[in-house]
Structure formats: structure tokens, C-alpha cells
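Here is a short report on a helical chain and its ligand shell. Look at the fold, then follow one helix in detail.

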Amino acid sequence: MSYLTIKFLHLLMAALSISGFAVRGYWMLTRSDLLSNRVVRIAPHVIDTVFLLSGIWLAFMLSASTFTQPWLLAKIAGLVAYIIFGTVALKRGPTMRVRVVAFVAALLAFAYIVGAALMKSPASWFAATSG
Ligand code: HEM
């Protein structure tokens, strides 16, 4: 598969991951039973696995040394934060207040990662643009 195909897959999974998370976050806020639906519980794991693998694949296609680039390390750290805040928001948070704060933090972590990906910098959206 070509680099562009994998990149498209990566971006598609990013869009599915965050939109799926936002919808589940809404169901968490409205205390909807849909959150415990089988498909709703399993689909995110499939999406996030393809998402992560496509990212690793892209990095390898660029060059194995891409893994030492600060922007990529920042993305991986951001991804860990997105996952941890995400599980606290949807599952582990003991009170609604904790869950809401974790939900917002997960959305911010995702926004940070997109900024780091586009700007190729750990400074994310705050990175100085060239020119
Ligand atoms: C929530 C997690 C992630 C988000 C939101 C995300 C988002 C993005 C976006 C928006 C791009 C396009 C950048 C551009 O067009 O210049 C991109 C590219 C890329 N991502 Fe991710 N990504 C995530 C996780 C990962 C992970 C975990 C890896 C690797 C382990 C990874 C590796 C890459 C690579 C190598 C590129 C290619 C950059 C290029 O072609 O210039 N990503 N990502």
C-alpha cells in the first residue's frame, strides 16, 4: 500500500476515533444506556488499533529514525494522555464531575496531538510557523 493510502487511513481513523469519543462522551453526560451496547464498546478498540498501527507504519515508511523525532514522541505521549483521560471519562471516573473534567482533558489532548502532527513540533499549535 502506498504512503498516501496509509496516511488517508490514519486520518480517517483519527476522525472516527474523536467523533466516536465525542458521541460516547455525550452519552456519558446524558447517562445513556447506549454506552454499554456491545458494538459501542467494541468498535473503538478496532478503530484505535488500526489508527495506532497506521501511525507506526507511516513512521517506519518515513524512516525508523522518525521515532526519535520530538514531534512524534510528543504525539505518542499525547496519545497516552488521550487514552487515560478517555477511560476516566467514560468508565473509571467515580463522579460526574471527575468524568466531565477528564472528558474535556481528553478532547484537549487530542487537539494537542493534531497540532503536533500538523506543525511537526511538540509546541503543537503554538509552534512558530516558518516565514
Ligand atoms: C490521537 C492520536 C493521533 C492523531 C490525532 C494523529 C493525527 C495526525 C495528523 C492530523 C497527521 C497529518 C499531518 C500532516 O498532514 O502533515 C498525522 C500524520 C502522521 N502521524 Fe499521526 N496522529 C495520531 C497518532 C499517531 C501515532 C501514535 C503515530 C506513530 C506512532 C503517528 C504517526 C504519524 C506519522 C508518521 C504521520 C505522517 C506525517 C507526514 O506524512 O508528514 N500518529 N497524524
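A residue counts as buried if 20 or more other C-beta atoms, placed from the backbone, lie within 10 Å of its own; 12 or fewer make it exposed, and anything in between partly exposed. By that test, F51, S54 and G55 of α2 are buried. The model is a predicted one: local features need pLDDT of at least 70, side-chain atom pairs count only at pLDDT 80 or more, and totals for chains, interfaces and linings use all residues. Numbering starts from 1 along each chain as its sequence is written.

**Fold**

The chain has four helices and zero strands. Both are DSSP runs numbered from the N terminus: helices are H or I of at least four residues, strands E of at least two. The C-alpha atoms fill a box of roughly 45 × 35 × 20 Å along the principal axes. Of the 131 residues, 20% are buried. Two residues are in contact if their C-beta atoms, placed from the backbone, lie within 7 Å. Among contacts between residues at least 6 apart in sequence, 63% join residues at least 24 apart.

**Helix α2 and its partner**

α2 has 25 residues and reaches 37 Å from its first C-alpha to its last, close to the 36 Å expected. The expected span is 1.5 Å times one less than the number of residues. α1 is included in what covers the buried residues of α2. The axes of α1 and α2 come within 9 Å and cross at roughly 145 degrees. Axes here are lines fitted to C-alpha atoms over the stretch in contact, with angles from 0 to 180 degrees between N-to-C directions. The contact residues include H10, M13 and S17 of α1, and F51, S54 and G55 of α2.

**Ligand shell**

Which residues are closest to the ligand? They are G55, L58, A59, I113 and A117, out of 21 that surround the ligand. A residue is near the ligand if its C-beta atom, placed from the backbone, lies within 6 Å of it. α1 (3-29), α2 (38-62), α3 (70-92) and α4 (96-119) each supply at least two shell residues. α2 gives the most, with six residues.

The table sets out residue classes. Ala, Val, Leu, Ile, Met, Phe, Trp, Tyr, Cys and Pro count as nonpolar, Asp, Glu, Lys and Arg as charged, and the others, Gly among them, as polar.

| Site | Nonpolar | Polar | Charged |
|---|---|---|---|
| Shell around the ligand | 16 residues | three residues | two residues |
| Contact of α1 with α2 | 15 residues | five residues | three residues |
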